[in-house]
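Here is a friendly walk through a protein model for someone meeting it for the first time. Have a look at the sequence and the picture, then read on.

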Amino acid sequence: LTFPLLSVTLLVSFGSSMLYGYNLAVVNSPAEHIKAFYNATWSQRYGHGLAHGPLTLLYALTVSIFALGGLVGSLLVGMLVERYGRNGALSRSALLVLLAGGFMGFSRELGSPEMVIIGRSITGLHSGGCCLGCAQPLPHGSGPYSHSRRMEKASYSPKALFFICLGVFSAQVLGLPELLGEDRFWPLFLSVVVVPASLQLLLLHCFPESPRYLLIERNDVSGATKALHRFLGTPNVQDVIEEMKQEQQSLSSMEMVSVWQLLRDRSVRWQTLSVVVVNAGMQLSGIDAIWFYTNTIFENTGIPASQIPYTTVGTGAIEIVAGLIGCFTIERVGRRPLIITGFCAMGVCSAGITISLLLQAALPWMRYVSVACVVGIIAGFCMGPAGVPFLMTAELFMQSHRPAAYIVGGSLNWFCNFTVGFIFPFLQMSAGAFCYLVFCGVCLLVALYVYLIIPETKNKTFMEISHIFA
């Protein structure tokens with residue numbers, strides 16, 4: 001990697017993937033403080049506090065509306081990138097984060113829970129666009145031209161997974177009582193998102209636009225050549241220009257399939273079903289419940305309140321290690337072994353939490369088994385399901401079908417994220433320890449589906465994969 005390419009990769013990841021991870025975990029630590037604010041505000045407005053059910057509903061909406069914003073953002077990102085370019089789309093997304101930080105930062109001063117909810121939805125809008133769209137280049141399976149693909153792959157996920165884990169860990173560390181974990185600091189804690197967004201907004205203009213966007217979308221050969229000079233650090237870029245011109249001709253003659261056409265296309269029905277199962281299973285596996293409600297889960301397992309923040313930080317550190325392992329093994333081990341092993345580990349650990357909760361009254365040390373199971377869920381997710389679905393979607397479809405497949409997979413990702421974030425508190429209230437068996441069942445069923453249906457896609461062409469499905 002040349003220094004300019006490495007710099008822009010880190011900058012984009014810092015302001016998108018890391019920010020996404022931060023927003024996933026930031027509501028975990030100040031949960032009780034935010035609920036107390038909601039209750040006090042309601043009492044001031046109407047003369048009485050909120051009952052437990054409505055308060056839980058309002059907080060669950062605060063947590064989960066981030067994913068609804070992400071769903072809208074992921075659907076709009078294509079239009080933004082086409083109109084403004086990747087740098088322009090990222091800059092406008094960063095401005096949204098500044099707006100969201102303002103809403104959340106001044107919400108308590110103005111006595112408005114609505115501002116927290118609106119701010120969360122706007123951060124979701126940013127994450128939906130950045131993490132799954134303009135922040136990441138086209139998948140490195142989306143064309144036949146090796147040199148330009150190596151450039152794209154340099155900044156492509158699953159390395160973004162490491163920054164997501166880093167963002168989660170940052171939120172857990174800042175949520176410690178010694179830092180921003182006290183009641184008076186929670187609005188500042190939520191609005192810290194403005195720092196990476198501001199940094200990205202200031203520095204993004206120092207780097208040229210994506211060469212592929214300039215040449216393929218804008219037909220700006222001169223601009224693409226200058227950008228390649230900067231990124232590759234060499235004056236000899238004509239071969240790359242020729243490759244991208246060939247790709248431009250190939251794409252211009254290719255008819256893209258719509259989502260409706262994809263769903264009706266019987267020739268790829270098993271591939272489409274596989275994208276649905278894997279992407280929905282990834283979010284319904286329970287990982288979002290862990291990220292959103294870690295402290296609540298540890299509280300129910302019997303961990304002393306004074307130890308919970310530090311236990312949570314410990315799980316975040318392990319998550320970073322697991323994410324690094326996943327980054328380095330995904331191209332060596334293959335897709336199927338990682339995703340099957342990951343989902344099986346998560347399913348077993350979800351069942352382990354249920355068993356430990358049922359036995360902790362008789363065996364107090366079972367609380368530590370619960371912690372180990374939470375760590376197992378996180379590690380299983382980071383080393384398997386977290387990085388595979390995006391790669392697998394690129395490898396299961398030809399270029400004409402990939403955009404529609406990504407829309408289907410991304411939409412399901414965000415919708416299921418919202419579902420878990422919104423329903424989990426009520427599921428926990430109604431089912432108690434047995435709520436984790438729902439996640440166990442989902443994980444084991446997805447692992448079984450992958451084992452029976454989805455072939456290994458590593459180093460296989462689309463035609464080979466299609467033949468195996470047939």
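Let us begin at Tyr293, which counts as buried because its relative accessibility is 5%; buried means under 20% relative accessible area, exposed over 50%, and partly exposed in between, with a 1.4 Å probe and protein chains only. Before going further, please note that this is a predicted model, in which local features need pLDDT of at least 70, side-chain atom pairs count only at pLDDT 80 or more, and totals for chains, interfaces and linings use all residues. Residues are numbered from 1 along each chain as its sequence is written, and side-chain values use heavy atoms, with hydrogens and water left out.

Phe292 is buried as well, at 1% relative accessibility. What do Phe292, Tyr293, Phe424, Tyr436 and Phe439 form? They make up one aromatic cluster. Rings of Phe, Tyr and Trp (its six-membered ring) pair if their centres lie within 6.5 Å; planes under 30 degrees apart count as stacked, over 60 as edge-to-face and the rest as tilted.

Stepping back to the whole chain, we find 22 helices and zero strands. Helices (H or I, at least four residues) and strands (E, at least two) are DSSP runs, numbered from the N terminus. The radius of gyration is 23 Å, close to the 23 Å that the globule rule gives for 470 residues, so the chain is as compact as a globular protein of that length. This radius is taken over C-alpha atoms, and the rule is 2.2 Å times the number of residues to the power 0.38. Along the principal axes, the C-alpha trace spans about 65 × 50 × 40 Å. Of the 470 residues, 57% are buried.

How does the chain meet itself? Contact means heavy atoms within 4.5 Å. Among contacts between residues at least 6 apart in sequence, 80% join residues at least 24 apart.

Aromatic rings give a closer view, and the structure holds 15 aromatic pairs. One of them joins Trp291 and Phe381 edge-to-face, at 5.6 Å centre to centre and with 90 degrees between the planes. Trp291 belongs to helix 15 (residues 287-300) and Phe381 to helix 18 (residues 366-383), so this pair ties together parts that are 90 residues apart in sequence. Trp291 and Phe381 are both buried. Phe292 and Tyr293 also form an edge-to-face pair, with 6.3 Å between the centres and 75 degrees between the planes.

Next comes Gln428, in helix 20 (residues 402-431). Is Gln428 buried or exposed? With a relative accessible area of 14%, Gln428 is buried. Leaving aside neighbours within four places in sequence, Gln428 is in contact with Thr296, Ile297, Asn300, Cys435 and Tyr436. Tyr436 is also a member of the aromatic cluster described earlier.

Val168 sits in helix 7 (residues 159-174) and is buried, with a relative accessible area of 0%. Not counting residues up to four places away in sequence, Val168 touches Gly21, Tyr22, Ala25, Trp291 and Glu319. Trp291 is thus a familiar name, being the partner of Phe381 in an aromatic pair. From Val168 to Ile468 there are 300 residues in sequence and 38 Å in space, C-alpha to C-alpha.

We finish with Ser250 in helix 12 (residues 238-252), which is partly exposed at a relative accessible area of 29%. The C-alpha atoms of Ser250 and Ile423 are 45 Å apart, with these positions 173 residues apart along the chain.
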